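Trainee: Before I rely on any label attached to a model, I should like to see how each label is justified. May we go through them one by one?

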Amino acid sequence: MDTMTYVVVAGWVLMYFIPSFSFAFLTATVLAFLAAFLVHVAELKGSALSLSGVMDAMMPVAPVAFFAIFMAWPLGALIRRIRDWWQGKAAGV
């Protein structure tokens, strides 16, 4: 599951810079499917790549990856809001 960890960490980094909810939702969805695919490929070990195997990997992996990635977006939004408030306070606004 090292592959899943790498994709989730990349998702967390991206979520700090995404300003809108819909774009964050779309990005988390794409990264969740990417994580499921990469986990399946990592578990192949010489076997042939099959669509049914990818779909079987997506069932348990994609929802977990989605929520693991998407939960970083509210935290990033809160950090941006605090940063903007602090900069406004420093500017005397």
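Mentor: The discussion below takes the labels in turn, from the whole chain to single residues.

Mentor: This is a predicted model, in which local features need pLDDT of at least 70 and side-chain atom pairs count only at pLDDT 80 or more, whereas totals for chains, interfaces and linings use all residues. Residues are numbered from 1 along each chain as its sequence is written, and side-chain values use heavy atoms, with hydrogens and water left out.

Trainee: What makes the pattern of the protein chain α-α-α-α?

Mentor: The protein chain has four helices and zero strands. Helices (H or I, at least four residues) and strands (E, at least two) are DSSP runs, numbered from the N terminus. Among the helices are α3, residues 51–70, and α4, residues 72–91.

Trainee: Why is the protein chain called more spread out than a compact globule?

Mentor: The radius of gyration is taken over C-alpha atoms, and the globule rule is 2.2 Å times the number of residues to the power 0.38. For 93 residues the rule gives 12 Å, and the protein chain has 17 Å, well over that value, so it is more spread out than a compact globule. Along its principal axes, the C-alpha trace spans about 65 × 20 × 15 Å.

Trainee: Why is Phe70 called buried?

Mentor: Buried means under 20% relative accessible area, exposed over 50%, and partly exposed in between (1.4 Å probe, protein chains only). Phe70 has 13% relative accessibility and therefore counts as buried. Buried residues make up 32% of the 93 residues in the protein chain. Leaving aside neighbours within four places in sequence, Phe70 is in contact (heavy atoms within 4.5 Å) with Phe21, Ala24, Phe25 and Ala28.

Trainee: What makes the pair of Phe66 and Phe67 edge-to-face?

Mentor: Rings of Phe, Tyr and Trp (its six-membered ring) pair if their centres lie within 6.5 Å; planes under 30 degrees apart count as stacked, over 60 as edge-to-face and the rest as tilted. By this rule the count comes to ten aromatic pairs. One of them is Trp12 with Tyr16, whose centres are 6.3 Å apart and whose planes are at 65°, so the pair is edge-to-face. For Phe66 and Phe67 the centres are 5.1 Å apart and the planes at 80°, so this pair is edge-to-face. Phe66 is buried, at 12% relative accessible area, while Phe67 is exposed at 56%. Phe66 and Phe67 belong to one aromatic cluster with Phe21, Phe25, Phe70 and Trp73.

Trainee: How do you know that Arg83 and Asp84 meet in a salt bridge?

Mentor: A salt bridge is a side-chain nitrogen of Lys or Arg within 4 Å of a carboxyl oxygen of Asp or Glu. The N to O distance between Arg83 and Asp84 is 3.3 Å, which satisfies that limit. The structure holds one salt bridge. Arg83 is partly exposed, with a relative accessible area of 43%, and Asp84 is partly exposed with 43%.

Trainee: What is the nearest side chain of opposite charge to Arg80, which is buried yet has no salt bridge?

Mentor: Asp84 is the nearest, 6.6 Å away. For charge, Lys and Arg count as positive and Asp and Glu as negative; His and the chain ends are not counted. The side chain of Arg80 does reach the backbone oxygen of Ile18 at 3.0 Å.

Technical notes:
A polar contact is a pair of N or O atoms within 3.5 Å; within protein, one must be able to donate a hydrogen and the other to accept it, and residues adjacent in sequence count only if both atoms are side-chain atoms.
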